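Got the viewer open? Let's take a walk through this one, a selection at a time.

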Amino acid sequence: MKKSLPWACAVVLAAQASFSFGADAARGKQLYESRCIGCHSIEDNRAGPAHKGVFGRKAGMAKGFDYSPAVKSSRLIWNERTLDRWLANPEATIPGNKMGFAVPDALDRADLIEYLRTAK
Amino acid sequence: MNQLIVPGRRGFLSGTARLSAVAVALLAGKEALAAGHAAAQADSKDVDILNVALGLEWEGINAYTLGAQSGLLQKPVLDTAVRFQADHKEHADTLAGAIRKMGGKPVEAKSLADYAKALKADTLKTQADVLNLAVRLELGATNAYLGVIPAFKSPALAQVAARLAADEVMHWTILNSALGRPLPAGGMPFGA
């Protein structure tokens, strides 16, 4: 039992190291097309900014999109953790932003984020 | 494909009555939030959400313009598209009026060319292509309205969002039927 403990810890740490562990980009695409497509698209700015290249990008930098001052002045870089915080509670993440839409379920967020990772 | 439910004059008249009820609800929401700094902040956030919704309505109005101008829609589909566009214009007027009453500035529509580019209007080659675009936008708008309901500080505005979502569902259902598609399996398919 004692010998197996480090392995168990390693598994837990590996899982924690990546939010995308087990995340399903295909399901994320379905969720995106159901919930996000009202305001967003991958390629073009609509009511919300385009998501192409969002992963690793500084918040408020989609070309040609009219961001709120709050998002423009934010120093967030979009990655698994910041996107997860944002989607869980946009107002708590960047107070004063314009997005009123949250994704309360953690699994849904993980799948959406995994899909956004592919939007290059 | 051409068998759509074409709304009659009575439907348009009831739509006018619906606008008045919405306007009353919006005014009630404004009055309820009139006092204090916290209320002002709530107003500001609600205005932001309303402006995003207005942006969606502008997009919907222009999408139906693109569809109508494409020459791809035939009667009675064209008549129904024009009717749905009128609904979206009514939504936009209601939202813009509420934003102004709350001290905000309504977002303006972009140019038709901008919407054509964003919606890839150049790829529309058949009536079914136009209907598919409309179905996608109506579903997106439905889910957007349902998704922002919990974020409204004003219950009256949350109710308005729910009523707007109901209109979008009505549009989606008729367009989906025109495409010959079945109803969704199971209950509560929207907002999920």
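Start with the largest nonpolar core: it has 71 residues, and those with the most contacts inside it are B:Leu54, B:Tyr145 and B:Ala161. (Such a core is a set of buried Ala, Val, Leu, Ile, Met, Phe, Trp, Tyr and Cys residues joined through C-beta atoms within 7 Å; buried takes 20 or more other C-beta atoms within 10 Å of a residue's own, with C-beta atoms placed from the backbone.) This is a predicted model, where local features need pLDDT of at least 70, side-chain atom pairs count only at pLDDT 80 or more, and totals for chains, interfaces and linings use all residues. Residues are numbered from 1 along each chain as its sequence is written, while chains are lettered from A and ligands numbered from 1 in the order in which they are written.

Next, select B:Tyr145. Beyond its neighbours within four places in sequence, B:Tyr145 is in contact with B:Ala53, B:Ala161, B:Leu164, B:Ala165 and B:Glu168 (contact: C-beta atoms, placed from the backbone, within 7 Å).

Now show helices 5 and 6 of chain B (helices are DSSP runs of H or I, at least four residues, numbered from the N terminus). Their axes lie 8 Å apart, at an angle of about 155° (axes are lines fitted to C-alpha atoms over the stretch in contact, and angles run from 0 to 180 degrees between N-to-C directions). That makes helix 5 of chain B roughly antiparallel to helix 6 of chain B, a label for angles over 145 degrees.

Last stop, the two chains together: eleven residues of chain A are in contact with 18 residues of chain B.

Technical notes: Buried ≥ 20, exposed ≤ 12 C-beta atoms within 10 Å, placed from the backbone. Helix = DSSP H or I, 4+ residues; strand = E, 2+ residues; numbered from the N terminus. Parallel < 35°, antiparallel > 145°, perpendicular 65-115°, else oblique.
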